[in-house]
Amino acid sequence: MNKPLRFSIVLLPIIIFSFFAKVLLVEEDEKFLKFNAKNLPFFELNDLDGVAVKSQSLDGIKLVNVWASWCITCLVEHPFLTKLSDENIQIVGLNYKDSSDKANAWLQKNGNPYIFSIYDPRGDLAFDLGVTGAPESFLLIDNQVIAHIQGEMTQRKWETIFYPLINKARNTK
């Protein structure tokens, strides 16, 4: 076998592996840099207490957290959300494809960091937001979705993605 052919047989898998590693292992911060702000989809739903909630009621700065009583990772991130709530961060829950009884029992047992939780039993609002599963979090500023992460909200994600945007929004008002 000639040298160029051997070289290509070795080099080609390395190039393919490098490409897929780069695509699949992109850090959340890099994904955010490419995020384009969009309007919050219009909706009219109830919260878990049966009170009507409309998209227009989410003005100001809000963290929207998609959660469900069946979601294990939601339970893992819950103490961090409670900490944020204790620091006066307004968090709106989006209860996703759940039963209201189970969701309310879950909040009763684990604590409630949300100012309210929008009840989305069929996942219609979640679908319109582009949710792929729970948990996910969105940063809203005046009904504009300006940031979105999939998976558990962590201290690092909070400090590197959401908190700088909140500070910027507060300082420009």
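A residue counts as exposed when its relative accessible area is over 50%, as buried when that area is under 20%, and as partly exposed in between. These terms are applied below to a predicted model. R122, with a relative accessibility of 64%, is exposed by this criterion.

The protein has 173 residues, of which 40% are buried. Its secondary structure amounts to 6 helices and 8 strands. Read from the N terminus, these elements follow the order α-α-β-β-β-β-α-β-α-β-α-β-β-α. Among contacts with a separation of 6 or more, 70% are between residues 24 or more positions apart.

The 8 strands are arranged in an open sheet of mixed pairing, in the order β1-β8-β7-β4-β5-β6-β2-β3. The edges are occupied by β1 (38-39) and β3; each has a single partner strand, so one side of each lacks a neighbour in the sheet. Two helices were examined for their packing on this sheet. Helix α3 (residues 72-86) touches β4 (61-67) and β5 (91-96), and its direction makes about 160° with that of β4. Helix α6 (residues 155-171) also packs on the sheet, where it touches β4, β7 (136-141) and β8 (144-150), with its direction at about 170° to that of β8.

Strand β7 is mostly covered, with 6 of its 6 residues buried. This burial extends to both faces: E136, F138 and L140 lie on one side, and S137, L139 and I141 on the other. The strand pairs with β4 in the antiparallel sense over 6 bridges, and within this pairing N65 has S137 of β7 as its bridge partner. Strand β8 likewise runs antiparallel to β7 and is joined to β7 by 6 bridges; here F138 is partnered by H148 of β8. β7 and β8 form a hairpin with 2 residues between them, and D142 in the turn has a positive phi of about 50°.

Helix α3 comprises 15 residues and spans 22 Å from its first C-alpha to its last, close to the expected 21 Å. The helix nevertheless contains a kink of about 40° at H78, shortly before the proline P79. Its buried residues are C74, E77, H78, F80, L81 and L84. An α-helix has 3.6 residues a turn, so residues three or four places apart point the same way. The buried residues of α3 pack against β4, β5, α4 (100-110) and α6. After the helix comes N88, which has a positive phi near 65°.

At the β3 edge of the sheet, β2 and β3 pair in the antiparallel sense over 3 bridges, and A52 in β3 is the bridge partner of N46. A salt bridge is also formed between the side chains of K54 and E44, with an N to O distance of 3.9 Å. This pair links K54 in strand β3 (residues 52-54) with E44 in strand β2 (residues 44-47), 10 residues apart. K54 is partly exposed, with a relative accessible area of 42%, whereas E44 counts as exposed at 51%.

The model contains 2 salt bridges. Besides the K54 and E44 pair, D124 forms a salt bridge with R122, in which the closest N and O atoms are 2.4 Å apart. D124 has a relative accessible area of 35% and is therefore partly exposed, while its partner R122 is exposed at 64%.

Note on methods. Residues are numbered from 1 along each chain as its sequence is written. This is a predicted model: local features need pLDDT of at least 70, side-chain atom pairs count only at pLDDT 80 or more; totals for chains, interfaces and linings use all residues. Side-chain values use heavy atoms; hydrogens and water are left out. A salt bridge is a side-chain nitrogen of Lys or Arg within 4 Å of a carboxyl oxygen of Asp or Glu. Helices (H or I, at least four residues) and strands (E, at least two) are DSSP runs, numbered from the N terminus. Buried means under 20% relative accessible area, exposed over 50%, partly exposed in between (1.4 Å probe, protein chains only). Two strands pair if DSSP finds at least two bridges between them. Contact means heavy atoms within 4.5 Å. Axes are lines fitted to C-alpha atoms, for helices over the stretch in contact, and angles run from 0 to 180 degrees between N-to-C directions. The expected span of a helix is 1.5 Å times one less than its number of residues. The bend at a residue is the angle between axes fitted to the seven residues ending there and the seven starting there.
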